[in-house]
Amino acid sequence: MHSPFSTSDVSVVMPVYGPPEGFQEAVASVLDQEPGELLIIDDASPRPLPHLKSEKVPITIHRLETNSGPAAARNAGIGLATRPWLAFLDSDDVWPAGSLRRQLDRLQQSGADLVLGRATVVDVTGKELPPENQPEFLPLLGCMVMAARLARDFPFEESLRYGEDSDFYSRIRASGATVHKHSEVVLHYRQREGSLMDGRSGGQRREDFLNLVRTAARRRQQGRASED
Amino acid sequence: MKYEARDAEIVWERMGDESLLIDLRVGVYYSFREGYAGLLDALMEGWDREKILAEAAQDVGSALDSLEAFLLKENLVVEAPERAVNPHDLKLTSTSFPEIERFDDLQEIFEMDPIHDGDVERGWPVAP
């Protein structure tokens, strides 16, 4: 019997800009689960971050000199991560108590490279939306824990303003990495104005998907050019 | 014979020396390169098959046969005999016809996050 994966084997990367309402709640939800480290990447926020302290979890705050977007901020965090497993949490979302432990248990039981659970959407006050308004299965980063090497091998496409998480996930899938999907809720996703999912019309989402296709095609073209 | 995209869910895009057909009904896409890119562009611009054969500098008959059969088999185009031709010049410069590729690497995401309209009252977009 292998000893269980430890939460201290996980680096958590949290990009932040603002900081937004709910930031301290997001941080607290991570610290409560005692990961190996919390890497907060401040994407040149206009306001100072609140003071953060933890007795048990090392917190690193890395400030980017210029606002570069969430993909670049996450890549900076990937570069700083020191633990074998990696997770992401947006700076206004929340991990329910015990979710990291349960994600690791599933990783160990399945032997997968990445585990993907479900999200429950809450409104700006933290109230859960009714069942009919809950999402279908989405590859939200906050629902994943993965081998850190995957994130290093497939960094986020920084030119994508939307869909960079879907692009990231699709490349990991295409690499042959094993993914264990399950239906347990591991993320409280806050629906907020201006987010990818909030209020994006069918036309916008259509354009998001087309952008993903263009990015994938461009990447293949570059691959062919480098082979020539 | 002339063709057009089956409907608005079939998106044709040129990217450098490659043409793409993206099927937004199911989240797959197709890559046409070199000679096939030129032929696809000609068809999607409304060029008539006979006109393409007459104006092409080389014999593209068998490649055009293959392309038409593929597009119809994949349900990407419909016949459109009355369609007006786009007034662009016909550009068929490549004599190489690499295999047409179909990609479904984004289909899982598409199925998890299908394209559907959001509803202000109901909040989260729900599948139709």
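## Helix cover, strand pairing and a pocket

In this predicted model, the buried residues of helix 1 of chain A are covered by parts of the chain that include strand 1 (10-16), strand 2 (37-42) and strand 3 (59-63). Which residues of the helix are the buried ones? Helix 1 spans residues 23-31, and its buried members are A:Phe23, A:Ala26, A:Val27, A:Ser29, A:Val30 and A:Leu31. A general point helps when you look at such a list: an α-helix has 3.6 residues a turn, so residues three or four places apart point the same way.

Let's follow the chain onward. A:Asp32 sits in the loop that links helix 1 to strand 2 of chain A. Is A:Asp32 buried or exposed? Its relative accessibility is 64%, and because exposed means over 50%, A:Asp32 counts as exposed. If you would like a long-range distance to check in your viewer, take A:Asp32 and A:Cys143: they are 111 residues apart in sequence, with 17 Å between their C-alpha atoms.

Further along chain A, strand 6 (residues 144-147) has pairings with strand 4 and with strand 5. The table puts these side by side.

| Strand of chain A | Partner | Sense and bridges | Residues standing opposite |
|---|---|---|---|
| Strand 4 (residues 85-88) | Strand 6 of chain A | antiparallel, three bridges | A:Leu86 and A:Met146 |
| Strand 5 (residues 114-122) | Strand 6 of chain A | antiparallel, three bridges | A:Val115 and A:Val145 |

When you inspect these pairs, keep in mind that in a regular strand the side chains alternate between the two faces of the sheet.

Now for chain B. Its secondary structure consists of four helices and six strands, arranged from the N terminus as β-β-β-β-α-α-α-β-β-α. Chain B has 128 residues, and 51% of them count as buried. Among its contacts with a separation of 6 or more, 66% are between residues 24 or more positions apart. The accessible surface of the chain is about 6,300 Å², and carbon and sulfur atoms hold 47% of that area.

Finally, a pocket. How much space lies in the second largest pocket? The value is about 270 Å³. Its lining is made up of 20 residues, and those nearest the centre are B:Arg14, B:Gly38, B:Asp41, B:Lys91 and B:Leu92. Which element gives the most to this lining? Helix 1 (residues 35-44) of chain B does, with six residues. Sorted by class, the lining holds seven nonpolar, six polar and seven charged residues.

How values were computed. Residues numbered from 1 in each chain as written. Chains lettered and ligands numbered in written order. Predicted model: local features only at pLDDT ≥ 70, side-chain atom pairs only at ≥ 80, totals over all residues. Heavy atoms only, no water. Buried < 20%, exposed > 50% of the residue type's maximum accessible area, 1.4 Å probe, protein only. Helix = DSSP H or I, 4+ residues; strand = E, 2+ residues; numbered from the N terminus. Contact = heavy atoms within 4.5 Å. Pairing = 2+ DSSP bridges. Areas by Shrake-Rupley, 256 points an atom, 1.4 Å probe, with all protein chains shown as cover. 1 Å grid on protein atoms, 1.4 Å probe; cavity = no way out; pocket = protein on both sides within 12 Å on 5 of 7 lines; lining within 4 Å. Points joined across faces, edges and corners; volume = space filled by probe spheres on them. Nonpolar A, V, L, I, M, F, W, Y, C, P; charged D, E, K, R; others polar.
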